[in-house]
Amino acid sequence: MAKSIGTLLAVSSVVAITAVFSQLGLVSQTIADEINAESDMSMTVAQAQQLVARGEKLTSIPKHIWRQLLTKHEYNIMWEKGTERAFTGDLLEVQQPGVFVTAGCKLPVFKTEHKFKSGTGWPSFWDVVDKNNIILKDDSSWGMRRIEVLSACGEHLGHVFDDGPEPTGLRYCINSAALDFIAADTDTDTDTDTDTDTAVPEE
């Protein structure tokens, strides 16, 4: 009986903590792992590709499928929380108007008009396309307090810092390997005079 009461108290505590994280826009890694653990292990690559194309049930795609859909480098970045070496990312110098989507789930997360040169060696943005497509998580790894940026389907993208330019003052420091770039139709999108050269202190 005592054990049952203890278990109930523990579950209640987790629920309460989860509610607090949800209000702050943060999510614990335990919760993210549980979401992935409940994925359908019988899913095929073709089925997963259909879900991505429709933008449906993306958190149900298991990691063994992502290993097949992504390159080894992409998988390491997005599902093993790796970090590409500074100044090596393919999207670092992209200036062409367009949208950056996550490499796996294809969720729109950034626009070129929000991109700026931070001098840090990683693509940097001062705002996101849709806050519903990202999750911010408290990260205390490597002996540092940081805010991790994940996609809504759980992909690790990078971290966000408070040393970015106005108007947000934020710097979303993102791995190129976690993103795909979709160029805008220049015939219909002619506003290309965005300032992308704002400098901020390096990490």
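Residues 188-203 stay under a pLDDT of 50, and the model has 34 contacts for them beyond four places in sequence. This is a predicted model. Its chain averages a pLDDT of 81, and 71% of the residues score at least 70. Phenylalanine 100 sits in strand β1, is buried, and belongs to an aromatic cluster with Phe110, Phe125, Tyr172 and Phe181.

**Confidence**

- Residues 1-35 also stay under a pLDDT of 50. For this stretch the model has 18 contacts beyond four places in sequence.
- Where pLDDT is low, predicted coordinates should not be read in detail.

**Three-stranded sheet**

- Three strands form an open sheet in the order β2-β1-β9. The pairing is antiparallel.
- Strands β2 (108-111) and β9 (179-183) are the edges, each pairing on one side only.
- On average, neighbouring strands of this sheet are turned by 30 degrees against each other, direction ignored.
- Strand β1 (residues 98-102) is joined to β2 by three bridges. Phenylalanine 100 has phenylalanine 110 of β2 as its bridge partner.

**Hairpin β5-β6**

- Strand β5 (residues 134-139) pairs with strand β6 (residues 146-151) over six bridges, in the antiparallel sense.
- Isoleucine 134 has serine 151 in β6 as its bridge partner.
- The two strands, β5 and β6, form a hairpin with six residues between them. In the turn, tryptophan 142 has a positive phi of about 60 degrees.

**Nonpolar core**

- The largest nonpolar core has 33 residues. The residues with the most contacts inside it are Ile61, Trp66, Phe110, Tyr172, Ile174 and Leu179.
- Helices and strands both contribute: α3 (45-54), α4 (63-69), α5 (72-79), β2, β7 (156-161) and β8 (171-174) each supply at least two core residues.
- The largest share, four residues, comes from α5.
- In soluble globular proteins, nonpolar side chains tend to be buried together.

**Aromatic pairs**

- The structure holds five aromatic pairs.
- Phenylalanine 100 and phenylalanine 125 have ring centres 5.1 Å apart. Their planes stand at 70 degrees, over the 60-degree cut-off, so the pair is edge-to-face.
- This pair links distant parts of the chain, from phenylalanine 100 in β1 to phenylalanine 125 in strand β4 (residues 124-125), 25 residues apart. Both residues, phenylalanine 100 and phenylalanine 125, are buried.
- Phenylalanine 100 also pairs with phenylalanine 181, with ring centres 4.8 Å apart. Here the planes are at 45 degrees, so the pair is tilted.
- That second pair joins phenylalanine 100 in β1 to phenylalanine 181 in β9, 81 residues apart.
- Phenylalanine 100 has a relative accessible area of 0%, so it counts as buried. Phenylalanine 181 has 24% relative accessibility, so it counts as partly exposed.

**Aspartate 127**

- Aspartate 127 lies in the loop between β4 and β5.
- Its relative accessibility is 17%, under the 20% cut-off, so aspartate 127 counts as buried.
- Not counting residues up to four places away in sequence, aspartate 127 touches Phe110, His114, Thr168 and Tyr172.
- Among these neighbours of aspartate 127, Phe110 and Tyr172 belong to the aromatic cluster. Phe110 and Tyr172 are also listed among the residues with the most contacts inside the largest nonpolar core.

Conventions: Residues numbered from 1 in each chain as written. Predicted model: local features only at pLDDT ≥ 70, side-chain atom pairs only at ≥ 80, totals over all residues. Heavy atoms only, no water. Pairing = 2+ DSSP bridges. Axes fitted to C-alpha atoms, helices over the stretch in contact; angles between N-to-C directions. Core = buried A, V, L, I, M, F, W, Y, C linked by side-chain atoms within 4.5 Å. Buried < 20%, exposed > 50% of the residue type's maximum accessible area, 1.4 Å probe, protein only. Phe/Tyr/Trp six-rings, centres within 6.5 Å; stacked < 30°, edge-to-face > 60°. Contact = heavy atoms within 4.5 Å. pLDDT = per-residue confidence, 0-100.
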